[in-house]
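Me: I'd like to go through this one with you in some detail, with the criteria spelled out as we go. Could you start once it is on screen?

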Protein chains: 2
Amino acid sequence: MTIATLQTIANIVKVSRSTVSRVLNNKWEDFGISQATADKIISKAKDLHYIKNEAALSLRVKKTFTIGVIVKDITDPFYSQLVKFVESALYTKGYNIIICNTGYDLDKENGHINILLSRWVDGIILSPIQKSIENISIIKDRNVPLALFDCKIDKFEADYILVDNKAGTMEAVNHLISQGHKKIVYIGGNSSDLNNRLRYAGYKKALSKASLSITEHYVIHGSYTFKHGYEAATELLRSNDAPTAFFAANNRIVLGACKGIMDCGLQIPEDVSIVGFDDFETATMLPSPLTVIRQPLRDMALNAVDILLSRMDKTNNTPCMTRMLKTEFILRNSTRKIN
Amino acid sequence: MTIATLQTIANIVKVSRSTVSRVLNNKWEDFGISQATADKIISKAKDLHYIKNEAALSLRVKKTFTIGVIVKDITDPFYSQLVKFVESALYTKGYNIIICNTGYDLDKENGHINILLSRWVDGIILSPIQKSIENISIIKDRNVPLALFDCKIDKFEADYILVDNKAGTMEAVNHLISQGHKKIVYIGGNSSDLNNRLRYAGYKKALSKASLSITEHYVIHGSYTFKHGYEAATELLRSNDAPTAFFAANNRIVLGACKGIMDCGLQIPEDVSIVGFDDFETATMLPSPLTVIRQPLRDMALNAVDILLSRMDKTNNTPCMTRMLKTEFILRNSTRKIN
DNA sequence: GATAATTACGCCATCGATTGCGTTAAATTT
DNA sequence: AAATTTAACGCAATCGATGGCGTAATTATC
């Protein structure tokens, strides 16, 4: 009925707590505990359904086997997949994760950081909302291993996991150019967002390399939403200088743009070509499966885990590093050659 | 540099740990501690960036302010949304969640249950893989509050959060019938899955109420996957007794079926009508937005949280209850009247 | 038969925060 | 001035697990 602790078992078998602890941690041989005693302890522990108290252990060994993961929106496939991979990798190492969803709310991000620190987590994977240092440097001050995900913060020494947004976008736009497209639209996210800027830089570079000039009204920053993608696409397609191809800066924008294209009575890829950033399950399920730039989420997750685990070794003083991963171009069926 | 504890502050201010604890918990007036002392302590705590150690607290007060959430697949929008709502509701109450992803692996489910118990979580929300009792009853034995989600287990007393699968499906099928459809296919999930059986029961009842007989080859159980939906739809549409409408038992099946329909050169809703179980973001983004049965995920999450919190009050001996929530019929544009 | 070595454990401090029960000194009352 | 109250704190146990150090008892060695 009541919950068994080491003491409970110790009392029954008439040994000390230490002995019980040693036996249950499979160290009894090192401490010269007889097989008979060990057997008695083990069997009693089973009888009583003994389960160790991790809180007590944490206190003693100053390690919680817990990692905090702070994401912006867990319902975004990008993050839910990340969480899945991180959880899986850490599970095999004996760690659990506390998930924190900020919902793009900076106060909540701050709150979560404080809570995670008060829980003495062994590490934090953070996909920060802002490029502000204040709330994040407290993590560093406490010397808690930190992996910054998907966002580079200027002048802040830390371990970063990034993808090569610029090169990835270039590849996508190059593909459109090689198909003969000249009127290529960039539908972007928030204009202050660093990833968006890098993707835009890739777009610009691809165009200039092909000696195409930037058409101003073909660049539409906004937000990473379905709505923005939809509005940008419909507006342009109904203008008197309609484009022939789109690049959409994330998974939600691309869906919005696709819907917009179809609502204009046009077909993909027959009438309009489109490439998106981010791969996701439903990208393959659209009438014309989307050609996309895939972020190597599994690799990103494994790298983040790897960094945290290695930083837990306090003798590890290697300088912080940025791991920049390559994107992958996935050719499906949403672009077409034109003349 | 080093981390401040109560003792650290106590040493500096030259008071006892108790006094520091009382001040930092805003109880100093109850214990007659002078404002001057309190001020000194508070300011020192700020200076040293004192953050309390929750592990020590847990040990002392036998409460961890942690809830375990075990889901089958966090990348499924159904679960990622659930997690989002649960996280948000618990955050305001001062609780964190440890997320456990089983990936439909029973061993992992077991492992996670054990880990959560060893962490002395204050409650568990579990969406179990099987209807087996063994691994789950250990939670009950430990007297840990448990909310069983989306799966009723026979003969197992517990608090359940369910939706009315049968009534929801009936509503969907009734809608198809009222539009004049008589050849209605049921594409289901795993035939042993309880939810699938209940949904199928709703399908059968709707047909029989309308005096339509069950056509055997119009019922295709299988799995909750895109592939199954696709194959079922294409196979039937190419047969010489093609149906005019589909009911798909979850979000992935419905996407597969839609793709299958389109790959057969048919249009939704012009040529074929379809209704799906589960609402999800991309349902609105298809060429023809899907008519679906929505599960009240937010309500389900809030109910689960509510149950757990109330069960934490150990004087609460109200018998276990099943909260059966109603689904919502969301009419979009994937069905059409025929004659 | 005395000494050394090994076996088989136990004691107790520790991790950090909380809390019931004191205790001391000052202030107030009579 | 003696007695009582109140203000302002401290002591030490507690939560559960761990591990360094110590020790009694048995066995082995010379």
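Me: Which strands form the open sheet in chain A, and in what order?
Reply: In this predicted model, six strands of chain A make up an open sheet with the order β7-β6-β8-β9-β10-β12 and mixed pairing. Strands here are DSSP runs of E with at least two residues, helices are runs of H or I with at least four residues, and both are numbered from the N terminus; two strands pair if DSSP finds at least two bridges between them.

Me: And which are the edge strands?
Reply: Those are β7 (219–220) and β12 (328–330) of chain A, each of which pairs on one side only.

Me: How do β9 and β10 of chain A run, parallel or antiparallel?
Reply: They run parallel, with three bridges joining β9 (residues 273–277) of chain A to β10 (residues 291–294) of chain A; within that pairing, G276(A) stands opposite V292(A) of β10(A).

Me: Before going on, what are the ground rules for numbering and confidence?
Reply: Residues are numbered from 1 along each chain as its sequence is written, while chains are lettered from A and ligands numbered from 1 in the order in which they are written. As the model is predicted, local features need pLDDT of at least 70 and side-chain atom pairs count only at pLDDT 80 or more, whereas totals for chains, interfaces and linings use all residues, and side-chain values use heavy atoms, with hydrogens and water left out.

Me: OK, switching to the two chains: what turn lays chain B on chain A?
Reply: A turn of 180° with a shift of 0.0 Å along the axis lays chain B on chain A with an RMSD of 0.1 Å, the superposition being by least squares on the C-alpha atoms of residues with pLDDT of at least 70 in both copies. The two copies are thus related as by a two-fold rotation axis.

Me: Which residue of chain B comes closest to that axis?
Reply: That is I98(B), whose C-alpha is 2.2 Å from the rotation axis.

Me: Does a strand pairing cross over between the chains, and which strands would it be?
Reply: Strand β2 (residues 96–101) of chain A is joined to β2(B) by three bridges, and the two run antiparallel; I99(A), for instance, has I97(B) as its bridge partner in β2(B).

Me: How many residues does the contact take from each chain?
Reply: It takes 54 residues from chain B and 54 residues from chain A, where contact means heavy atoms within 4.5 Å. Because 100% of the interface residues of chain B are also interface residues in chain A, the copies meet through the same surface.

Me: What area do they bury?
Reply: About 4,900 Å² is buried between chain B and chain A, with 61% of it on carbon and sulfur atoms; this is the accessible area (1.4 Å probe) that two parts lose on being put together, summed over both. I51(B), R142(B) and M285(B) supply 13% of the area that chain B buries against chain A, more than any other three residues.

Me: How many salt bridges are there between the chains?
Reply: The count is four, a salt bridge being a side-chain nitrogen of Lys or Arg within 4 Å of a carboxyl oxygen of Asp or Glu. One salt bridge pairs K108(A) with E87(B), with the closest N and O atoms 3.0 Å apart.

Me: Which elements of chain B give two or more residues to the side that touches chain A?
Reply: They are α4 (54–61), α5 (77–92), β2 (96–101), α6 (106–118) and α11 (251–263) of chain B, and α6(B) has the largest share, with eight residues.

Me: Different topic: where is the cis peptide bond in chain A?
Reply: It joins I268(A) and P269(A), with omega about 0°, and P269(A) is placed in the loop between α11 (251–263) and β9 of chain A. In chain B, a cis peptide bond likewise joins I268(B) and P269(B), also with omega about 0°.

Me: And what is the phi of N26(B)?
Reply: Phi is near 60°, a positive value in a residue other than glycine, and N26(B) lies in the loop between α2 (17–24) and α3 (35–47) of chain B. Most residues other than glycine have a negative phi, and most peptide bonds are trans.
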